[in-house]
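Hi,

Here is the structure I promised to pass on. Have a look at it first, and my notes on what turned up are below.

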Amino acid sequence: MNILEKVLLQIGVLKYTMGANLLRRFQLIKDFIYSAVGNEYKISVKEKKRLISEFLKIQENVKSMTPLGLWMEMAKEILTIPEEMEGDIIECGAYLGASSCALSICASLTARKLYVRDSFEGLPDDEITYTAPYTKTKIRYRKGDFCGKLDLVKQNIAQYGSINSVVFIPGNF
Ligand SMILES: C[S@@+](CC[C@H](N)C(=O)[O-])C[C@H]1O[C@@H](n2cnc3c(N)ncnc32)[C@H](O)[C@@H]1O
């Protein structure tokens, strides 16, 4: 196989993977919308569609370390907690607040509070080395990485989430 054929093959594989990923994501969203998720809180299909479009808006506008699929998994869990069960939601580690936006909307839909706990100064320790589980790639993090200042996180949640459902707890955990 010459270089050109190899490149074309790579492009083909890439396109196939992207197409397969898109289809999978579409299926996940469809399953979420038309499932029994949210029945506990009388959340309609229309409201679930709105929730997904809000998630997509967050994804477009606020950089996140957490993919949309995980927000949907968290939403599924929260929206199926029995209504009579007392309790709130806490996120430890907000970065720029993208997941906080998603979780705050779920908190609002279920009349719970979302506690957002963070130093708002980024990672506390120097030189944390993390080995990715599948690729075994080593990633080195430094003190201050993933810093999202409190004002910016608040601004993001006010714009893309439900700020009235959020209680901020600045400080180390
Ligand atoms: C990887 S980011 C979180 C990503 C975020 N959940 C998202 O979905 O985009 C890690 C966050 O945890 C915070 N953090 C890490 N260790 C902390 C600690 N010991 N105390 C307080 N905050 C901490 C950092 O400030 C940063 O905002």
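Let me start with a single residue: Ala111 is exposed, because just 9 other C-beta atoms lie within 10 Å and the cut-off for exposed is 12 or fewer. Before going on, please keep in mind that this is a predicted model. Ala111 sits in the loop that runs between α4 (98-109) and β2. Its backbone caught my eye too: phi of Ala111 is near 55 degrees, a positive value in a residue other than glycine. Most residues other than glycine have a negative phi. As for where Ala111 lies relative to the early part of the chain, Leu23 is 88 residues away from Ala111 in sequence, and the two C-alpha atoms are 33 Å apart in space.

Phe120 makes a nice companion to Ala111. Phi of Phe120 is near 55 degrees, again a positive value in a residue other than glycine, and Phe120 is also a loop residue, found between β2 and β3. So is Phe120 buried or exposed? Phe120 is buried, because 20 other C-beta atoms lie within 10 Å and buried takes 20 or more.

Next along is Tyr130, which belongs to strand β3 (residues 128-131). Tyr130 is exposed, since 10 other C-beta atoms are found within 10 Å. Leaving out residues up to four places away in sequence, Tyr130 touches Ile139 and Tyr141. Ala20 is 110 residues from Tyr130 along the chain, and 29 Å separate their C-alpha atoms.

Now the chain as a whole. You'll find 5 helices and 5 strands, and reading along the sequence gives the pattern α-α-α-β-α-β-β-β-α-β. The C-alpha trace spans about 65 × 45 × 25 Å along its principal axes. Of the 173 residues in the chain, 25% are buried. Looking at contacts between residues at least 6 apart in sequence, 69% join residues at least 24 apart.

What order do the strands take in the open sheet? The sheet has 3 strands in the order β1-β2-β5, and the pairing is parallel. β1 (89-92) and β5 (166-170) are at the edges with a single partner strand each, so one side of each has no neighbour in the sheet. From one strand to the next, the twist averages 20 degrees.

A few details on the pairing, in case you want to trace it on screen:

- β1 and β2 run parallel and are joined by 4 bridges. Ile89 has Leu114 in β2 as its bridge partner.
- β2 (residues 114-118) pairs with β5, also in the parallel sense, over 5 bridges. Here Val116 stands opposite Phe168 in β5.
- The two faces of β1 are worth a look: Ile89 and Glu91 are on the covered face, while Ile90 and Cys92 are on the uncovered one.

If it helps as a reminder, strands of a sheet pair through backbone hydrogen bonds, either parallel or antiparallel.

On to the domains. The domain assignment splits the chain into domain 1 (1-34) and domain 2 (37-170). Taken over C-alpha atoms, the centres of domain 1 and domain 2 are separated by 27 Å. How many residues does each domain bring to the contact? Domain 1 gives 5 residues and domain 2 gives 8 residues. By class, the side of domain 1 that touches domain 2 consists of 5 nonpolar residues, with no polar and no charged ones.

Last, the ligand. It has 18 residues around it, and the closest are Thr66, Gly93, Tyr95, Ser99 and Ser119. What kinds of residue make up that shell? The shell divides into 8 nonpolar, 8 polar and 2 charged residues.

If you open the model with just a few things in mind, I'd go for the two loop residues with positive phi, Ala111 and Phe120, then the parallel β1-β2-β5 sheet, and then the residues around the ligand, including Thr66 and Ser119.

Cheers

Note on methods:
Residues are numbered from 1 along each chain as its sequence is written. This is a predicted model: local features need pLDDT of at least 70, side-chain atom pairs count only at pLDDT 80 or more; totals for chains, interfaces and linings use all residues. Two strands pair if DSSP finds at least two bridges between them. Axes are lines fitted to C-alpha atoms, for helices over the stretch in contact, and angles run from 0 to 180 degrees between N-to-C directions. Two residues are in contact if their C-beta atoms, placed from the backbone, lie within 7 Å. A residue is near a molecule or strand if its C-beta atom, placed from the backbone, lies within 6 Å of it. Ala, Val, Leu, Ile, Met, Phe, Trp, Tyr, Cys and Pro count as nonpolar, Asp, Glu, Lys and Arg as charged, and the others, Gly among them, as polar. Domain bounds come from an automatic or database domain assignment.
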